[in-house]
Amino acid sequence: MPKAPAEPVSEGRQTPTRPEVSVVVPVFNESGAAADLAREIAAAFAGRSLEILFVDDCSRDDTRARLLALRAEIPALRVLGHGANAGQSRAVRTGVLAAQGDIIVTLDGDGQNDPADAPKLVEALKSGPPELALVGGERVRRQDSAAKKIASRLGNGVRKRLLRDTANDTGCGLKAFRREAFLRLPYFDHIHRYLPALMLREGYSTAFLPVGHRPRTTGSSKYTNLGRLWASISDLWGVMWLQSRARRPGTVTEL
């Protein structure tokens with residue numbers, strides 16, 4: 001199958017050698033969290049072949065400036081910037097398209113995902129069977145408001161029942177997946193919440209591991225329960241339609 005065409009990405013620094021893992025972090029107005037998060041990611045993967053891509057989704061604060069100031073301290077850091085706000089899923093896609101590693105790790109930019117959990121997801125992905133394309137985190141002891149946890153539990157339950165994707169927590173931003181597999185998926189806004197279902201649709205397998213969760217200490221959430229619910233209704237129908245239209249060829253051999 002031909003590879004998906006790359007979308008244009010603003011010219012940025014290229015790492016001198018091709019990394020094994022590319023960590024992609026979408027950020028929007030996360031001035032208080034971004035720099036410390038970048039340092040934590042670098043520490044979590046110390047000694048490994050790594051690049052760290054922060055994708056600034058047209059922040060209105062000094063998130064971008066703070067990240068640019070870190071490049072001398074963290075040589076593996078690359079900073080990509082959107083010219084217009086395009087949302088979390090588009091920022092993730094921008095990072096994946098620009099990434100040089102075969103394995104992608106994503107984390108939320110608010111610092112609530114613990115980077116120390118990321119290497120175990122990578123190892124589980126690497127040690128799994130060839131068809132394993134994604135290892136997702138499932139948050140334990142979530143540090144969110146009661147209303148947010150209730151809404152998340154209901155949303156995950158409905159999604160799991162309708163899509164049969166076996167995932168208990170697709171809202172967790174911490175995931176490890178194969179870049180090639182991601183680029184085979186149909187893109188749409190909010191795709192980051194439906195990666196397990198779409199990976200299964202493409203014929204891959206998925207797995208999940210428990211990960212920690214931390215309270216937000218800076219900034220504010222970019223979503224509301226009502227806004228997420230409204231988007232989820234149309235997204236669910238769209239993914240169900242994609243599932244209904246899936247036809248896989250089994251094994252492919254060159255004759």
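Which residue in β6 stands opposite valine 135? I started my notebook with that one, and I found alanine 176 there. I should say at once that I am working from a predicted model.

**Entry 1: the strand pair.** I looked up the strands around that position. Strand β5 covers residues 132-139 and strand β6 covers residues 175-178. I see the two paired in the antiparallel sense, over three bridges.

**Entry 2: the whole sheet.** Next I followed the strand order across the sheet. I read it as β3-β2-β1-β4-β6-β5-β7, an open sheet of seven strands with mixed pairing. At the edges I find β3 (77-81) and β7 (205-211), each with pairing on one side only. I also checked the twist: neighbouring strands are turned by 20° against each other on average, with direction ignored.

**Entry 3: helices on the sheet.** I then asked what packs against these strands. Helix α1, residues 34-44, touches β1 (21-27) and β2 (50-56), and its direction makes about 160° with that of β2. Helix α3, residues 88-98, also packs on the sheet, where I find it touching β1, β2, β3, β4 (103-106) and β6. Its direction makes about 150° with that of β1. For the record, my tally for the protein chain is eight helices and seven strands.

**Entry 4: overall numbers.** The protein chain has 255 residues, and 47% of them count as buried. I noted about 12900 Å² of exposed area, with 55% of it supplied by carbon and sulfur atoms. Of the contacts between residues at least 6 apart in sequence, 79% join residues at least 24 apart.

**Entry 5: the cores.** Nonpolar side chains tend to be buried together in soluble globular proteins, and I went looking for such groups here. The largest nonpolar core has 31 residues, and Val23, Ile41, Phe45, Phe54 and Val105 touch the most other members. I find at least two of its residues in each of β1, α1, β2, β3, β4, α4 (118-127) and β5. Helix α1 gives the largest share, five residues. I picked valine 105 for a closer look. Beyond its neighbours within four places in sequence, its contacts include Val23, Phe45, Val122, Leu174 and Ala176. So my opening residue, alanine 176, turns up again as a contact of valine 105. Another core, of 29 residues, lies apart from the largest one; among its members are Leu53, Phe188, Tyr194 and Leu195.

**Entry 6: salt bridges.** Side chains of opposite charge can pair when their charged atoms come close. I count 16 salt bridges in the structure. In one of them, arginine 18 meets aspartate 102, with the closest N and O atoms 2.7 Å apart. Arginine 18 sits in the segment before β1 and aspartate 102 in the loop between α3 and β4, so this pair ties together parts that are 84 residues apart in sequence. I find arginine 18 exposed at 55% relative accessibility, while aspartate 102 is partly exposed at 47%.

Is aspartate 117 buried or exposed? I get a relative accessible area of 13%, so aspartate 117 is buried. Its side chain meets that of lysine 120 in a salt bridge at 3.9 Å, N to O, and lysine 120 is partly exposed at 36%.

I also logged arginine 184 with glutamate 180, at 3.1 Å from N to O. Here arginine 184 is partly exposed at 27%, and glutamate 180 is partly exposed at 48%. My last note is a network: salt bridges with shared partners join Glu20, Arg48, Glu123 and Lys126.

Notes:
Residues numbered from 1 in each chain as written. Predicted model: local features only at pLDDT ≥ 70, side-chain atom pairs only at ≥ 80, totals over all residues. Heavy atoms only, no water. Helix = DSSP H or I, 4+ residues; strand = E, 2+ residues; numbered from the N terminus. Buried < 20%, exposed > 50% of the residue type's maximum accessible area, 1.4 Å probe, protein only. Contact = heavy atoms within 4.5 Å. Areas by Shrake-Rupley, 256 points an atom, 1.4 Å probe, with all protein chains shown as cover. Pairing = 2+ DSSP bridges. Axes fitted to C-alpha atoms, helices over the stretch in contact; angles between N-to-C directions. Salt bridge = Lys/Arg side-chain N within 4 Å of Asp/Glu carboxyl O. Core = buried A, V, L, I, M, F, W, Y, C linked by side-chain atoms within 4.5 Å.
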